[in-house]
Amino acid sequence: MKKELTYAEQQKRKEKRKMIIYGIFYISVCLVPFIFIFLPKDSDDNSYDKSLACYVAKQEVENKLKSPSSAVFPECSYMSIYPVGEIWYVTGSVEAQNSFGAMIKTKFEVRIKITGKNKYLVTYVRVD
């Protein structure tokens with residue numbers, strides 16, 4: 001059997017609900033902006049470094065091919081380009097002519113340390 005609440009008890013419950021709602025609202029208004037402030041951002045420097053890593057990787061791979069002028073690379077967005085510490089890893093594939101003139105697809109991996117604006121050091125190049 002349900003107990004009937006007095007008017008005073010009903011008012012206390014309403015006040016308690018109101019305080020909970022205000023508390024949730026206050027927390028969300030105060031904390032949500034901090035979440036967006038501290039989330040990692042893809043900064044302009046990072047996207048510039050990513051573009052530079054892609055460009056340098058293409059140049060280094062071309063230098064290793066038998067027929068560099070025949071090289072066909074996919075767009076950078078189709079390559080795997082990511083930083084690990086200070087080193088950028090670029091992996092992908094390239095289509096180019098082999099010694100017999102046949103177009104073949106070859107995988108590659110390049111590691112690049114970007115030291116400044118347009119300054120870099122290639123640390124590793126592998127073309128299968």
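In the predicted model, Arg111 forms a salt bridge with Glu109, in which the closest N and O atoms are 3.0 Å apart. The two partners are covered to unlike degrees, since Arg111 counts as partly exposed at 26% relative accessibility, whereas Glu109 is buried, with a relative accessible area of 11%. The side chain of Glu109 also meets that of Arg126 in a salt bridge, with an N to O distance of 3.1 Å. Because Glu109 lies in strand S3 and Arg126 in strand S4, this pair ties together parts that are 17 residues apart in sequence.

Arg126 itself is partly exposed, with a relative accessible area of 32%, and its side chain meets that of Asp128 in a further salt bridge of 3.0 Å, N to O. Asp128, in turn, is exposed, having a relative accessible area of 55%. Glu109, Arg111, Arg126 and Asp128 are thus linked in a network of salt bridges, and a search of the whole structure finds 4 salt bridges.

The strands that carry Glu109 and Arg126 are themselves paired: strand S3 (residues 103–116) and strand S4 (residues 119–127) run in the antiparallel sense over 8 bridges. Gly116 stands opposite Lys119 in S4, and the hairpin has 2 residues between the strands, with Asn118 taking a positive phi near 60°.

A separate charged feature is a positive surface patch formed by Arg13, Lys14, Lys16 and Arg17. Of these residues, Arg13 is found in helix H1 (residues 7–38) and is partly exposed, with a relative accessible area of 49%.

Technical notes
Residues are numbered from 1 along each chain as its sequence is written. This is a predicted model: local features need pLDDT of at least 70, side-chain atom pairs count only at pLDDT 80 or more; totals for chains, interfaces and linings use all residues. Side-chain values use heavy atoms; hydrogens and water are left out. Two strands pair if DSSP finds at least two bridges between them. Helices (H or I, at least four residues) and strands (E, at least two) are DSSP runs, numbered from the N terminus. Patches are made of residues with over 30% relative accessible area and no salt bridge: like charges are joined within 9 Å, nonpolar side chains (Val, Leu, Ile, Met, Phe, Trp, Tyr) within 5 Å. Accessible areas come from the Shrake-Rupley method with a 1.4 Å probe; for residues, only the protein chains shown count as cover. Lys and Arg count as positive and Asp and Glu as negative; His and the chain ends are not counted. The place of a charge is taken as NZ of Lys, CZ of Arg, CG of Asp or CD of Glu. Buried means under 20% relative accessible area, exposed over 50%, partly exposed in between (1.4 Å probe, protein chains only).
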